[in-house]
Amino acid sequence: MKVDLTVKNCRIWHKKRLKKASLVIDKGKIVSITKSRLPPSKKKIDYKGGIVLPGLIDVHVHFREPGLSSKEDWSTGSKAAAKGGITYVMDMPNTIPPTVTLRSLFDKKELAKNSVVNFGLYAGVSQKNLNDLKELSKQAVAFKLYMCGSTEALIIDDISLQLKAFTNVAKTKKVLCVHAENEKMNKYSYKSYKKETDPMAYAHSRPPESEVLAINDAIELAKQTNVKLHICHVSTKDGLSLIKRAKKKVDVTCETCPHYLFMTEEYLREKRTLVKMNPPLRTEKDQKALWKGIKNGTIDIVASDHAPHTLQEKYQNIWFAPAGVPGVETSLQLMLNAVNKRMIKLEKVNELMHDNPVKRFGLGNYGNIEVGNDANLTIIDLKKEWEISREDLVTKCGWSPYEGWAGKGMAVMTIVNGNIIQN
Ligand SMILES: [Zn+2]
């Protein structure tokens, strides 16, 4: 009898360190981690110099289906994820219709059967479903609350409603992820910039103070309600300082995204609307603070906030072009290039993209390289060189803010539930 798959000549991430061993995978599970002779197998991976990591996780993607499948769908989005070494995605609720009811969660789950990677679905917290959260929590991986909006139906910007939302999510014991910008401040600030056409005006119209105010509110509400709070896409130095201080007494975690780690607002001059996103790109000072936050553990997770739009949509003026950039396919290679540049350790990348997501969102044993566990694995090659070009992209939107960037270190194979996902 042949086993399904063997992996040899790689180093594997086992018990918090890299060791030389081979893996035997059968019926979707890791059946042995061994240094001895391998049994005959139907498929063989023999990759000298490869490193096998636990299956990486992206806790923040927008796969756009239902309703917006001209930008992305579950098939293309998940293939892009797998190409980028991601084996599990958590999909945001701002689809059409938004994922705010049991029905919409079930419908999205049905569509997500086209996914080649594992997934969890967020339930959105809206003004209308505040009394249904308990029921929704059984189908959702976590909750998402927009303190400020890109998606009108999902905004909760009133503090008393926010308090109710935090209180009711706390009862479900699930994590509450928030988009932290202050709606009123953004609206007010926009008035001073709306006549400008320079893309930089967009960044300035959503000032850092807006994020800081919202993070402050969210932390205060979490303190009162004991909710498990997760701040999405932190972009500012001052916002991060608040989180660092709050961590001593509030159950709060946060994520940042590769675009804030590798780009600053200066990129708006060159790439214009292509790098319009919310919160906007910030200054070098903020960027430095984010890297420091990674080192000192204030930042728990790196997520892509993969938010694809078509080029046609993006090539509008700075106020009309939709906010968001694709990223699920490029996050890991950017992080691994940073490993090669000694900006971060591989161990830390694994923590940010696997260990901490698993811990925070209660994903149990997911991805861990242990006998008996489902085989969800990301195989990387730290020496493999890359250059990001439009032709190679898998995302349906067909472009990347990093086109032309080159570097070293990338995923070479992604194994989901024992199956090799071909890139
Ligand atoms: Zn998002």
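What volume does the second largest pocket have? In this predicted model, the figure comes to about 390 Å³. The legends below start with that pocket and then move on to the sheets, a ring pair and a few backbone details.

**View 1. The second largest pocket and its lining.** This pocket, with its volume of about 390 Å³, has 16 residues around it. If you want to find the middle, look for Trp13, Lys16, Asn350, Asp355 and Asn368, which lie nearest the centre. Two elements give two or more residues to the lining: strand 2 (11-14) and helix 14 (346-360). Helix 14 gives the most, with 8 residues. Sorted by class, the lining holds 7 charged, 5 polar and 4 nonpolar residues.

**View 2. The open sheet of 6 strands.** Here the strands follow the order 3-2-7-16-17-18, and the pairing is mixed. At the edges you'll find strand 3 (17-20) and strand 18 (419-421); each has a single partner strand, so one side of each is left without a neighbour in the sheet. On average, and with direction ignored, neighbouring strands of this sheet are turned by 35 degrees against each other.

**View 3. Strands 7, 16 and 17, rung by rung.** Zoom in on strand 7 (residues 51-54) and strand 16 (residues 377-387): they run antiparallel, joined by 4 bridges. One place to look is Ile51, whose bridge partner in strand 16 is Ile380. Leu53 has Thr378 of strand 16 as its bridge partner. Thr378 also leads on to the next strand, with Thr414 as its bridge partner in strand 17. Strand 16 and strand 17 are antiparallel too, and 8 bridges join them.

**View 4. Two helices on the sheet of 6 strands.** Back to strands 7 and 16, which are joined by 4 bridges, this time with the helices that pack on their sheet. Helix 13 (residues 331-340) touches strand 16 and strand 17 (406-416), and its direction makes about 125 degrees with that of strand 17. Helix 14 touches strand 2, strand 3, strand 7 and strand 16. The direction of helix 14 makes about 35 degrees with that of strand 7. This is the helix from View 1, where it gives 8 residues to the pocket lining.

**View 5. The open sheet of 8 strands.** The pairing in this one is parallel, with the order 8-9-10-11-12-13-14-15. Strand 8 (56-61) and strand 15 (301-302) are the edge strands, each pairing on one side only. Strand 10 and strand 11 (residues 142-146) run parallel and share 3 bridges, and Tyr122 stands opposite Ala142 of strand 11. Helix 4 (residues 159-172) packs on this sheet, touching strand 11, strand 12 (175-179) and strand 13 (228-231). The direction of helix 4 makes about 170 degrees with that of strand 11.

**View 6. Following Leu229 across three strands.** Which residue stands opposite Leu176 in strand 13? That's Leu229. Strands 12 and 13 pair in the parallel sense, over 4 bridges. Leu229 in turn stands opposite Val252 in strand 14. Strand 13 and strand 14 (residues 252-256) also pair in the parallel sense, over 3 bridges.

**View 7. A tilted ring pair.** The model has 8 aromatic pairs, and this close-up picks out Trp74 and Phe119. Their ring centres are 5.3 Å apart and their planes sit at 55 degrees, so the pair counts as tilted. The two rings come from distant parts of the chain, 45 residues apart: Trp74 belongs to helix 1 (residues 74-83) and Phe119 to strand 10 (residues 118-124). Strand 10 is the one that pairs with strand 11 in View 5.

**View 8. Backbone details in the loops.** Ile96 and Pro97 are joined by a cis peptide bond, with omega about 0 degrees. Look for Pro97 in the loop between strand 9 (86-91) and helix 2 (102-111). Another cis peptide bond joins Asn278 and Pro279, with omega about -15 degrees. Pro279 sits in the loop between helix 10 (267-271) and helix 11 (284-295). Finally, check out Asn9: its phi is near 70 degrees, a positive value in a residue other than glycine. Asn9 lies in the loop between strand 1 (3-8) and strand 2.

Note on methods. Residues are numbered from 1 along each chain as its sequence is written. This is a predicted model: local features need pLDDT of at least 70, side-chain atom pairs count only at pLDDT 80 or more; totals for chains, interfaces and linings use all residues. Side-chain values use heavy atoms; hydrogens and water are left out. On a 1 Å grid over the protein atoms alone, a cavity is a set of points where a 1.4 Å probe fits but cannot get out, and a pocket is an open set with protein on both sides within 12 Å along at least five of seven lines; lining residues have an atom within 4 Å of a point. Grid points are joined across faces, edges and corners, and a volume is the space filled by probe spheres set on the points. Ala, Val, Leu, Ile, Met, Phe, Trp, Tyr, Cys and Pro count as nonpolar, Asp, Glu, Lys and Arg as charged, and the others, Gly among them, as polar. Two strands pair if DSSP finds at least two bridges between them. Axes are lines fitted to C-alpha atoms, for helices over the stretch in contact, and angles run from 0 to 180 degrees between N-to-C directions. Contact means heavy atoms within 4.5 Å. Rings of Phe, Tyr and Trp (its six-membered ring) pair if their centres lie within 6.5 Å; planes under 30 degrees apart count as stacked, over 60 as edge-to-face and the rest as tilted.
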